Amino acid sequence: MATKFSDKAEPHYLRAVHYEDLGRIEDAIREYRMANRIKKDLIPARKRLGDLFMRLGRIEEAVQQYQKATEITSQKRKWKRILVPDEDKYSLPQVLQSLAEAYEKLGQHDQVVVTWQRIIQSPPIHPGDDAIIAWAHQQLEREGIHENYEK
């Protein structure tokens, strides 16, 4: 079945989520990529595509999506302009946590530590961000890194 083209990213994103829920993984990947082509700063599409790649074991591709999402998330965002469900409006700590997990799977420990440090420097925005920041502090302490970071 051919997908109807839309010049708006959000319909492609929502279709991708639907395909993912149905287990139509390749269709979901195609729609997430289409959403990203149309709207390069659609963080939810990058984050969910990264999560999908992680589940598929395509870790390098997941890292690319998470890195792009963190570049965008680090900037000031106007969430009201993005027409996706609120639960899909990811914060920087949420995306960075996924990036740290991807680096860990790749065995890139130095990048994992740098990412944990970025997490603790990130302001909490969404519910759950404080828990992610606390988790990153614990990971750094476990590694013997006890530096204080300014937010």
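**Briefing: an all-helix chain and its core**

The buried residues of helix 1 pack against helix 2 and helix 3. That is one piece of a predicted model whose protein chain has seven helices and zero strands. Here's a run through the overall build, the core, the buried lysine at position 47, and the salt bridges, of which the structure holds eleven.

**Overall build**

- Read from start to end, the pattern is simply α-α-α-α-α-α-α.
- The protein chain has 151 residues, and 44% of them count as buried.
- Take the contacts in the protein chain with a separation of 6 or more: 58% of them are between residues 24 or more positions apart.
- The accessible surface of the protein chain adds up to about 8,600 Å², and carbon and sulfur atoms account for 49% of that.

**Helix 1**

- Helix 1 runs for 14 residues and spans 20 Å from first C-alpha to last, close to the 20 Å expected at 1.5 Å a residue.
- Its buried residues are Ala9, Glu10, His12, Tyr13, Ala16, Val17, Tyr19 and Glu20.
- Glu10 is on that list because its relative accessibility is 8%, and the cut-off for buried is under 20%.
- Right after helix 1 comes Gly23, with a positive phi of about 85°.

**The largest nonpolar core**

- This core has 39 residues, and the members touching the most other members are Tyr13, Tyr32, Tyr66, Trp116 and Ile119.
- Two or more residues apiece come from helix 1 (9-22), helix 2 (25-38), helix 3 (43-56), helix 4 (59-73), helix 5 (92-106), helix 6 (109-120) and helix 7 (129-142).
- Helix 5 gives the largest share of this core, at seven residues.
- Leaving aside residues up to four places away in sequence, Tyr66 touches Lys47, Gly50, Asp51, Met54, Val95, Ser98, Leu99 and Ala102.

**Lys47, a buried lysine**

- Lys47 sits in helix 3.
- Is Lys47 buried or exposed? Lys47 is buried, since its relative accessible area is 7% and anything under 20% qualifies.
- The side chain of Lys47 makes a polar contact of 3.1 Å with the side chain of Ser98.
- Besides Ser98, Lys47 touches Tyr66, Tyr90, Gln94 and Val95, again not counting residues up to four places away in sequence.
- Ser98 turns up in the contacts of Tyr66 too, and so does Val95.

**Salt bridges**

- As a bit of background, side chains of opposite charge can pair when their charged atoms come close.
- Lys39 pairs with Glu10, with 3.0 Å between the closest N and O atoms.
- Why does the Lys39 and Glu10 pair tie together parts that are 29 residues apart in sequence? Lys39 is in the loop between helix 2 and helix 3, while Glu10 belongs to helix 1.
- Within that pair, Lys39 is partly exposed at 24% relative accessible area, whereas Glu10 is buried at 8%.
- Glu31 bridges to Arg30, and their closest N and O atoms are 3.5 Å apart.
- Glu31 is buried, with 2% relative accessibility, but Arg30 is partly exposed at 35%.
- Glu61 forms a salt bridge with Arg33, where the closest N and O atoms are 3.2 Å apart.
- Glu61 is in helix 4 and Arg33 in helix 2, so this bridge ties together parts that are 28 residues apart in sequence.
- Both ends of that bridge are partly exposed: Glu61 comes out at 24% and Arg33 at 34%.
- Separately, Arg15, Arg24, Asp27, Arg30 and Glu31 are joined into one network by salt bridges that share partners.

**Toward the C-terminal helices**

- Ile120 is part of helix 6.
- With a relative accessibility of 2%, Ile120 counts as buried.
- Ile120 and Trp135 are 15 residues apart along the chain, and their C-alpha atoms are separated by 9.0 Å.

How values were computed:
Residues numbered from 1 in each chain as written. Predicted model: local features only at pLDDT ≥ 70, side-chain atom pairs only at ≥ 80, totals over all residues. Heavy atoms only, no water. Core = buried A, V, L, I, M, F, W, Y, C linked by side-chain atoms within 4.5 Å. Buried < 20%, exposed > 50% of the residue type's maximum accessible area, 1.4 Å probe, protein only. Helix = DSSP H or I, 4+ residues; strand = E, 2+ residues; numbered from the N terminus. Contact = heavy atoms within 4.5 Å. Areas by Shrake-Rupley, 256 points an atom, 1.4 Å probe, with all protein chains shown as cover. Polar contact = N/O pair within 3.5 Å; in protein donor to acceptor, adjacent residues only side chain to side chain. Salt bridge = Lys/Arg side-chain N within 4 Å of Asp/Glu carboxyl O. Expected span 1.5 Å × (residues − 1).
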